[in-house]
Amino acid sequence: MTAHDPVTPGPDAPRGAAAPAPTEPDPVAPGPARVFSAAERQSLYDIIASRRDVRNEFRPDPIDPAVLRRVLEAAHAAPSVGFMQPWNFILIRDPKRRAQVHAAFAAANAEAADMFESERQQRYRALKLEGILNAPLNICVTCDRTRGGKVVIGRTHQREMDLYSTVCAVQNLWLAARAEGIGVGWVSIFRPADLAAILHIPPHVEIVAYLCVGHVDSLFEQPELALRGWRQRLDLDALILEEEWA
Ligand SMILES: Cc1cc2nc3c(=O)[nH]c(=O)nc-3n(C[C@H](O)[C@H](O)[C@H](O)COP(=O)(O)O)c2cc1C
């Protein structure tokens, strides 16, 4: 492979899938792009708009394995740098292990609370910021930073692209879960080393997300942090720039 030959498969290309020489017809061709109806489109926008971070509203009943499988398939369909698919999904149901995770959260949350000034600190302490014990399922989404070998397409100059890819999987999971009537809450108030020890995660694997997952009957219509006056949604128009940062 030379630096000027973008079609020759690299070291992480699937075996037996050699790209054709430039003069040969390409045996790999796209099919027609499916066009979605207005109702189908609207469903997707509705799912996006009604997705919430869930802390309190979980039902205790377990998730049907077939439904969980669909949600995980959606996560696994996410885009990833060089098709690296660096993710794993650790399914955590054991109440004892979840109690350990909750203790790790509580320690980190106490440290976090101390970082806010007086009145803000009181309001922070009043927020419930996790559903580790009341959700029937927790999912730790990790990123194996070594998957795909030393050289991965698209990751040569920006190593963190594998982490971003894993976040794409989390978002797919979150939206698919919403479509299935399942709520998801992302908990990031941990020292990663505490979580890694509890879940026996090896050093080359990074924790990207710790998710609380379960069926929900009720959801806030707006972000709970906004409804509780912590922070409001920004004006989209103020976030769109034309051509350059100005
Ligand atoms: C990377 C990430 C980490 C988050 N960590 C937490 C957390 O530790 N605790 C919590 O209550 N919510 C957490 N959230 C949820 C956000 O607070 C929530 O997405 C935001 O307030 C908007 O609300 P919504 O998701 O309901 O629209 C996290 C969200 C993201 C994307």
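Student: If a residue is near a molecule or strand when its C-beta atom, placed from the backbone, lies within 6 Å of it, which residues surround the ligand?
Tutor: The ligand is enclosed by Arg52, Asp53, Arg55, Leu129, Glu130, Trp186, Val187, Ser188, Ile189, Pro223 and Leu225. Please note that the model is predicted: local features need pLDDT of at least 70, side-chain atom pairs count only at pLDDT 80 or more, and totals for chains, interfaces and linings use all residues. Residue numbers start from 1 along each chain as its sequence is written.

Student: How does that shell divide by class?
Tutor: The shell around the ligand holds six nonpolar, one polar and four charged residues. Here Ala, Val, Leu, Ile, Met, Phe, Trp, Tyr, Cys and Pro count as nonpolar, Asp, Glu, Lys and Arg as charged, and the others, Gly among them, as polar.

Student: Let us take Arg52. Is Arg52 buried or exposed?
Tutor: Arg52 is buried, because 20 other C-beta atoms lie within 10 Å. The term buried requires 20 or more other C-beta atoms within 10 Å of the residue's own, exposed means 12 or fewer, and partly exposed lies in between, with C-beta atoms placed from the backbone.

Student: And where is Arg52 found?
Tutor: Arg52 belongs to the loop between α1 and α2 (65-76). Helices (H or I, at least four residues) and strands (E, at least two) are DSSP runs numbered from the N terminus.

Student: What is Arg52 in contact with, beyond its neighbours within four places in sequence?
Tutor: Arg52 is in contact with Gly183, Leu219 and Phe220, where contact means that the two C-beta atoms, placed from the backbone, lie within 7 Å. In addition, Arg52 and Ala176 are 12 Å apart in space, C-alpha to C-alpha, although 124 residues apart in sequence.

Student: Trp186 was also in the shell. What stands opposite Trp186 in β4?
Tutor: Leu211 of β4 stands opposite Trp186, and Cys212 of β4 stands opposite Gly185. Strand β3 (residues 182-187) and strand β4 (residues 205-215) run antiparallel and are joined by six bridges. Two strands count as paired if DSSP finds at least two bridges between them.

Student: What is the strand order of the sheet?
Tutor: The order is β1-β2-β4-β3, in an open sheet of four strands with antiparallel pairing. β1 (87-92) and β3 are the edge strands, each pairing on one side only. From one strand to the next the twist averages 25°.

Student: How many bridges join β2 to β4?
Tutor: Eight bridges join these antiparallel strands; within β4, Val213 stands opposite Leu137 and Tyr210 opposite Cys140. Strand β2 (residues 137-144) also pairs with β1 in the antiparallel sense, over six bridges. There, Cys140 of β2 is the bridge partner of Ile90, and Cys143 of β2 that of Trp87.

Student: Why is β2 described as largely enclosed by the rest of the structure?
Tutor: Six of its eight residues are buried, so β2 is largely enclosed. For β4 the count is eight of 11 residues, so β4 is likewise largely enclosed by the rest of the structure. Strand β3 is mostly covered, with five of its six residues buried.

Student: Turning to the helices, at what angle do α1 and α5 cross?
Tutor: Helix α1 (residues 38-50) and helix α5 (residues 161-179) cross at roughly 105°, and their axes come within 9 Å. Axes are lines fitted to C-alpha atoms, for helices over the stretch in contact, and angles run from 0 to 180 degrees between N-to-C directions. The two helices are therefore roughly perpendicular to each other; angles of 65 to 115 degrees carry that label, under 35 is roughly parallel, over 145 roughly antiparallel, and the rest oblique.

Student: Which residues make the contact?
Tutor: Ile47, Ile48 and Ser50 of α1 meet Leu175, Arg178 and Ala179 of α5. By class, the residues of this contact are four nonpolar, one polar and one charged.

Student: Finally, how many helices and strands does the protein have?
Tutor: The protein has seven helices and four strands, running α-α-β-α-α-β-α-β-α-β-α from the N terminus. Its C-alpha trace spans about 70 × 50 × 45 Å along the principal axes. Of its 246 residues, 23% count as buried. Among contacts between residues at least 6 apart in sequence, 84% join residues at least 24 apart.

Methods
Near = placed C-beta within 6 Å.
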